[in-house]
Amino acid sequence: MNPRWQVRWGSWLLVGLAVIGIDALALTRVLRPAPPPAAAATPGETAFLAAAVIAVALVAVALPAILALRATRALTAASRRWAAGDLTTGLAPSRLPGLGAAVDALNHAAGAQRRQETTHREREVELVGQAARLTTTARLAAGVAHELNNPLGGILLYANLVMEATPADDPRRANLQRIVTQAERAQAIVRGLLDFAHESPVEVGTLDLNALVRDTLELLERQPQLQAVQLRTELSTVLLAVEGDARRLQQVLVNVILNALDAMSEGGTLTIRTGHSERPGFCRVAVSDTGCGIPPEHLPHLFEPFFTTKEVGKGVGLGLSVSYGIVRQHGGEIEVQSQPGAGTTVRIMLPVLAEEA
């Protein structure tokens, strides 16, 4: 029974018992002759009144206790269900003093947890779908890259041979140089596809993530875009040792930082933080900007090769896909959070080496 109705029935029961007691006392007064004014109550009347008072007192004490016990049992059962992960059933509202607010608070907490778990499940499904798409894309990219690598190598070889045999004052030499330059650019794209597909070898070594960030910023310090924004660094005060290829991980940081700078064409604040990740066994570097942000419909496609939100001619869309491949090759993860008009944060998480005892 709903505790609210239990309280109502208990109240009516108390009223009824009181009325019955009063009516019984009045009836005994009517049926027997009235005693003399100075006469004292008979032993029977005294016993009846005492019994009525005791009965009402017992009901008044026992009923709330019974209702409270039932509410406590319901609360305990619900707590066990919630602890086991079943958040589908809530507690019925209670009007018992001291319990109503507690029940409402617990129901609110369970509802919030239920909504959070639903969001997490939806996010997990989305990530699984994204991983499947990227795996398929990586296989396709690896196949295309391998097919293009050999022809590009031949083009570069023969273009360089012809250019070496061409006099310096020959006007055709400039055209040959253009062929070499564009072929090298194509080769760089192929290498990016191989990095995305985890096909390129990694030179493993022990690195300090804080030092890697400082070296990357020193490399980019002459970039006009970096000088046009406010730079904030919040690097961890403890050593963040990771195992990986310094050149490739620096390439990831360069790609992410340049993307952040491109998003702040009118100035803003670039913030770089390092520290231990919320995920045990991982450290992270987060790059945040106050730029234009990314529309929600574009977020699932950011790591796909050749997908870009930039204007034509300002990028081929390989920066984040290559970064994704490198980070995954190091056993890490990369994620993007963004709000249009409020900026973007890219988090790179890498396995941290255990500290020696």
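Modeller: A salt bridge is a side-chain nitrogen of Lys or Arg within 4 Å of a carboxyl oxygen of Asp or Glu. This is a predicted model, where local features need pLDDT of at least 70, side-chain atom pairs count only at pLDDT 80 or more, and totals for chains, interfaces and linings use all residues. Residues are numbered from 1 along each chain as its sequence is written, and side-chain values use heavy atoms, with hydrogens and water left out.

Biologist: Why is the contact of Arg 232 and Glu 234 called a salt bridge?

Modeller: Their N to O distance is 2.9 Å. The limit is 4 Å, so the pair qualifies.

Biologist: What makes Arg 232 partly exposed?

Modeller: Its relative accessibility is 37%. Buried means under 20% relative accessible area, exposed over 50%, and partly exposed in between (1.4 Å probe, protein chains only), so Arg 232 takes the middle label. Glu 234, at 33%, is also partly exposed.

Biologist: How do you know that Arg 273 and Glu 234 form a salt bridge?

Modeller: Their closest N and O atoms are 2.9 Å apart. The pair links distant parts of the chain, 39 residues apart: Arg 273 is in strand 4 (residues 269-276), Glu 234 in strand 2 (residues 230-234). Strands here are DSSP runs (E, at least two residues), numbered from the N terminus.

Biologist: Which residues are linked in a network of salt bridges?

Modeller: Arg 232, Glu 234 and Arg 273.

Biologist: Why is Arg 347 called partly exposed?

Modeller: Its relative accessibility is 24%, so it falls between the two cut-offs. Its side chain meets that of Glu 335 in a salt bridge.

Note on methods:
Helix = DSSP H or I, 4+ residues; strand = E, 2+ residues; numbered from the N terminus.
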